[in-house]
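Biologist: Before accepting any descriptive term for a model, I should like to hear the value and the criterion behind it. Shall we proceed term by term?

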Amino acid sequence: MYGIRLLVPRWSRILCTGAGILMLAGALGCGTGSRSLFGGDVAVRVDAEPGINQDSPVPVELVVVYDKDLLAQLAGMTARDWFAKREQTRKDHPGDDEMISMSWEVVPGQSLPEASLSFGSGARGGLVFAD
């Protein structure tokens with residue numbers, strides 16, 4: 001099992017798998033297909049277990065998406081696809097009106113301090129990519 005943990009206080013605990021993409025639906029108020037009405041902050045802490053990824057750093061990115069078509073497109077990507085295509089995706093969807101993100105590179109055994117990603121109203125969903 002892959003050893004990256006993203007802790008999202010008050011919403012859920014997430015264990016990322018190798019090339020897994022996990023929805024943060026509860027955190028963004030979209031578990032039933034509804035939109036986030038007010039926006040808010042997602043507080044995230046990233047912990048990496050010792051020895052993961054053959055003792056190599058792991059890129060991790062949290063993406064909050066406002067556009068339903070873009071969300072469907074990104075949800076179909078593997079983590080490897082996301083990291084290979086993210087610069088082009090950002091060029092195709094500039095600004096903060098379609099998506100926002102926060103990224104880390106986590107070293108095995110590292111625990112990062114809690115960080116907060118603010119998102120606006122209308123967020124359709126969130127994805128976590130870890131490769």
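**Terms and their grounds**

Modeller: The structure holds one aromatic pair. Its members are Trp82 and Phe129, and the model in which they occur is a predicted one.

Biologist: What makes Trp82 and Phe129 an aromatic pair, and why is the pair called stacked?

Modeller: The ring centres of Trp82 and Phe129 are 5.0 Å apart, and the criterion for a pair is centres within 6.5 Å. The planes make an angle of 10°, whereas stacked requires under 30 degrees. Both conditions are therefore met, and the pair counts as stacked.

Biologist: Which parts of the chain does the pair link?

Modeller: Distant ones: Trp82 belongs to helix H3 and Phe129 to strand S8 (residues 125-130), with their positions 47 residues apart. Trp82 and Phe129 are both buried.

Biologist: How do you know that the length of helix H3 agrees with its number of residues?

Modeller: Helix H3 covers residues 79-92, that is 14 residues, and at 1.5 Å a residue it should span 20 Å. The C-alpha atoms at its ends are 18 Å apart, so the two values agree.

Biologist: Where is the kink in H3 centred, and what is its angle?

Modeller: The kink is centred on Lys85 and amounts to about 60°. That angle is taken between axes fitted to the seven residues ending there and the seven starting there.

Biologist: Which residues of H3 are buried?

Modeller: Ala79, Trp82, Phe83 and Thr89 are buried in H3.

Biologist: Why is Thr89 called buried?

Modeller: Its relative accessibility is 5%, and buried means under 20%; Thr89 therefore qualifies. Beyond its neighbours within four places in sequence, Thr89 contacts Leu70, Leu74, Met77, Trp82 and Met99. Trp82, a member of the aromatic pair, is thus among the contacts of Thr89.

Biologist: What does Arg86, also in helix H3, touch outside its sequence neighbourhood?

Modeller: Setting aside residues up to four places away in sequence, Arg86 touches Glu61 and Ser103. Its C-alpha is 9.8 Å from that of Leu74, at a sequence separation of 12 residues.

Biologist: What makes Trp104 a buried residue?

Modeller: Trp104, in strand S6 (residues 99-106), has a relative accessibility of 14%. The limit for buried is under 20%, so Trp104 meets it. From Trp104 to Val58 the C-alpha distance is 8.2 Å, although 46 residues separate them in sequence.

Biologist: Why is Ser121 described as partly exposed?

Modeller: Its relative accessible area is 47%. Buried would require under 20% and exposed over 50%; because the value of Ser121 lies in between, the residue is partly exposed. Ser121 is placed in the loop between strand S7 (115-119) and S8. Its C-alpha lies 4.1 Å from that of Gly39, a residue 82 positions away in sequence.

Biologist: What sets the phi values of Asn53 and Gln54 apart from the usual case?

Modeller: Most residues other than glycine have a negative phi. Asn53 has a phi near 50°, and Gln54 has one near 55°; each value is positive in a residue other than glycine.

Biologist: Where are Asn53 and Gln54 placed, and are they buried or exposed?

Modeller: Asn53 sits in the loop between strand S4 (40-48) and strand S5 (58-65), and Gln54 is also in the loop between S4 and S5. At 28%, Asn53 falls between the limits of 20% and 50% and is therefore partly exposed. Gln54, at 77%, is over 50% and so counts as exposed.

Biologist: How many helices and strands does the chain have, and in which pattern?

Modeller: There are three helices and eight strands, in the order β-β-β-α-β-β-α-α-β-β-β. Of the 131 residues, 43% count as buried.

Biologist: What confidence does the predictor assign to the chain?

Modeller: The average pLDDT is 78, and 72% of the residues score at least 70. Over residues 8-35, however, pLDDT stays under 50; for that stretch the model has 79 contacts beyond four places in sequence.

How values were computed:
Residues are numbered from 1 along each chain as its sequence is written. This is a predicted model: local features need pLDDT of at least 70, side-chain atom pairs count only at pLDDT 80 or more; totals for chains, interfaces and linings use all residues. Side-chain values use heavy atoms; hydrogens and water are left out. Helices (H or I, at least four residues) and strands (E, at least two) are DSSP runs, numbered from the N terminus. Buried means under 20% relative accessible area, exposed over 50%, partly exposed in between (1.4 Å probe, protein chains only). pLDDT is the predictor's confidence in each residue, from 0 to 100. Contact means heavy atoms within 4.5 Å. The expected span of a helix is 1.5 Å times one less than its number of residues. Rings of Phe, Tyr and Trp (its six-membered ring) pair if their centres lie within 6.5 Å; planes under 30 degrees apart count as stacked, over 60 as edge-to-face and the rest as tilted.
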